[in-house]
Amino acid sequence: MTENTKTKFEEIKTLSDKYVLNTYNRYPIAFTYGVGETLFDQDNKEYIDFLSGIAVSNLGHGEADLIEALRNQADKLIHSSNLYYSEEQGKLAEVIIENSIPGKVFFCNSGTEANEAAFKLMRRHGIAKNQDRPIILALQGSFHGRTFSAMTMTGNTSIREGFGELAPDIHFIEPNNEESLISAFEQYGEQISGLIMELILGEGGIKPLSQSFVNLARKLTEEANALLVFDEIQTGMGRTGKLFCFEHYGLYPDAFTLAKALGSGFPIGALVVGVEHESVLGRGMHGSTFGGNHLACAIAYETFRIILSRNLLQHVSELSEQMFGSLKRIMTETGKIKEVRGRGLHIGVELYSESRPVVEECLRRGLIVNSTATTVIRIMPPLVTSMEKASSGLDILESVLKEMK
């Protein structure tokens, strides 16, 4: 095939293969635009989006109010510097704090940067209480990012392998295993500076933590004067039917991290620190050139406004009930599903076989889902997804499962 006869997709792929570092195992599709809960590829084929850009596009695609907020702010000021005050940053921090925990916010550009800041917060907390070697606890099967410290705190060996010696004094405990949790605190005691955990392990297979396990984590960290940090990168911003997942558990962390859906697709991350620990990271101890710039904060503020003003959290709860009900019926009728789990629109469908072939066939038929933890299909539709569109997407999944050998 000559250059002149290449399809549009082949042109896109050729350009990417030639110039983009090959760090992703991509599917053979290039999306060009989106409307609501639907994406369209280079051939104008329609796809139901059950992934939301991996829990990023919670408000769907082409949201008019977001676009207007972006244009209005871009017309005024995109970036100045954290050397100066910013009204947009102050307003965003205010709405985060008023809807979460009393404290303060540090802004950055991504989830992994937010977790890097959390790592430094926990380490600094340990140093401040005279720990020789502050120990950080994390969960097996967790994912906190791919920068050095975030990768070190990730409980997945495939993410950590190949980079030599990582940051010391990170120890992993088994999720939902209270004996493992107690044993870690008995072994390391006052040397523990912090415990970081996802309340629903995302890359680990959409596995929610139990109420009793989280209660115990809160009790033990308080007794050891260690920080309890929740990673809300995937679960935050309404994904689980609450603005933040920790609201389901009826307790508060000492700090938590946000990103992904915070900016509805525009890069922004945040470390939210409770009032008792807001002075742990002082002036000059951390920073970010782009973090919390005018444009990012204006978009994130508009994201909050939309979620809070449109009763989207109630819709998430209602849609979740419908989808879980349908998935459990599909589980019974197909015999291909081992378990359906999750919360809100953060759903994991564990199969008896590998999930990637199912994901690939769903994609071919116009449904976007994701494969994680080898055998799990991850379903994360936009919060604005209609009941009808959700049913159509599950119909595709059901037909694929019934036909799979």
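This is a conversation between a colleague and a modeller about how features of a predicted model are named.

Colleague: What should I know about the model before we begin?

Modeller: The model is predicted, so local features need pLDDT of at least 70 and side-chain atom pairs count only at pLDDT 80 or more, while totals for chains, interfaces and linings use all residues. Residues are numbered from 1 along each chain as its sequence is written, and side-chain values use heavy atoms, with hydrogens and water left out.

Colleague: What makes E4 and E6 the edge strands of the open sheet of 7 strands?

Modeller: Helices (H or I, at least four residues) and strands (E, at least two) are DSSP runs numbered from the N terminus, and two strands pair if DSSP finds at least two bridges between them. The order in this open sheet is E4-E12-E11-E10-E7-E5-E6, with mixed pairing. Strand E4 (103-108) and strand E6 (170-173) each pair on one side only, and that makes them the edge strands. From one strand to the next the twist averages 20°.

Colleague: How do you know that E10 pairs with E7 and with E11?

Modeller: The bridges are set against the requirement of at least two. E7 and E10 share 4 bridges in the parallel sense, and methionine 197 stands opposite phenylalanine 230 in E10. Strand E10 (residues 227-231) and strand E11 (residues 255-258) also run parallel and are joined by 3 bridges. In E11, phenylalanine 256 is the bridge partner of phenylalanine 230, and threonine 257 is that of aspartate 231.

Colleague: Why is E10 called largely enclosed?

Modeller: A residue is buried under 20% relative accessible area, exposed over 50% and partly exposed in between (1.4 Å probe, protein chains only). Since 5 of the 5 residues of E10 are buried, the strand is largely enclosed by the rest of the structure. Leu227, Val229 and Asp231 are buried on one side, and Leu228 and Phe230 on the other, so both faces are covered.

Colleague: Which helix packs on this sheet and touches E10?

Modeller: Helix H5 (residues 111-128) does, and contact here means heavy atoms within 4.5 Å. The strands touched by H5 are E4, strand E5 (135-139), E6, strand E7 (192-197), E10, E11 and E12, and the direction of H5 makes about 155° with that of E7. Axes are lines fitted to C-alpha atoms, for helices over the stretch in contact, and angles run from 0 to 180 degrees between N-to-C directions.

Colleague: Why are H12 and H13 called oblique to each other?

Modeller: Angles under 35 degrees count as roughly parallel, over 145 as roughly antiparallel, 65 to 115 as roughly perpendicular and the rest as oblique. Helix H12 (residues 356-364) and helix H13 (residues 387-403) pack at an angle of about 125°, with their axes 10 Å apart, and they are therefore oblique. Val358, Glu361 and Cys362 in H12 meet Ile396, Leu397, Val400 and Leu401 in H13.

Colleague: What are the classes of the residues in the contact of H12 with H13?

Modeller: Ala, Val, Leu, Ile, Met, Phe, Trp, Tyr, Cys and Pro count as nonpolar, Asp, Glu, Lys and Arg as charged, and the others, Gly among them, as polar. By these classes the contact has 6 nonpolar, no polar and 1 charged residues.

Colleague: What makes E1 and E15 edge strands in the open sheet of 4 strands?

Modeller: That sheet has the order E1-E2-E3-E15, with mixed pairing. Strand E1 (31-35) and strand E15 (367-368) each have a single partner strand, so one side of each is left without a neighbour in the sheet. E1 runs antiparallel to strand E2 (residues 38-41), to which 4 bridges join it, and the bridge partner of valine 35 in E2 is threonine 38.

Colleague: Isoleucine 54 and alanine 55 are both found in helix H2; why is isoleucine 54 called partly exposed and alanine 55 buried?

Modeller: The relative accessible area of isoleucine 54 is 29%, so the residue falls in the partly exposed class, whereas alanine 55, at 0% relative accessibility, counts as buried. Isoleucine 54 has a positive phi of about 65° although it is not a glycine, and phi of alanine 55 is near 65°, a positive value in a residue other than glycine.
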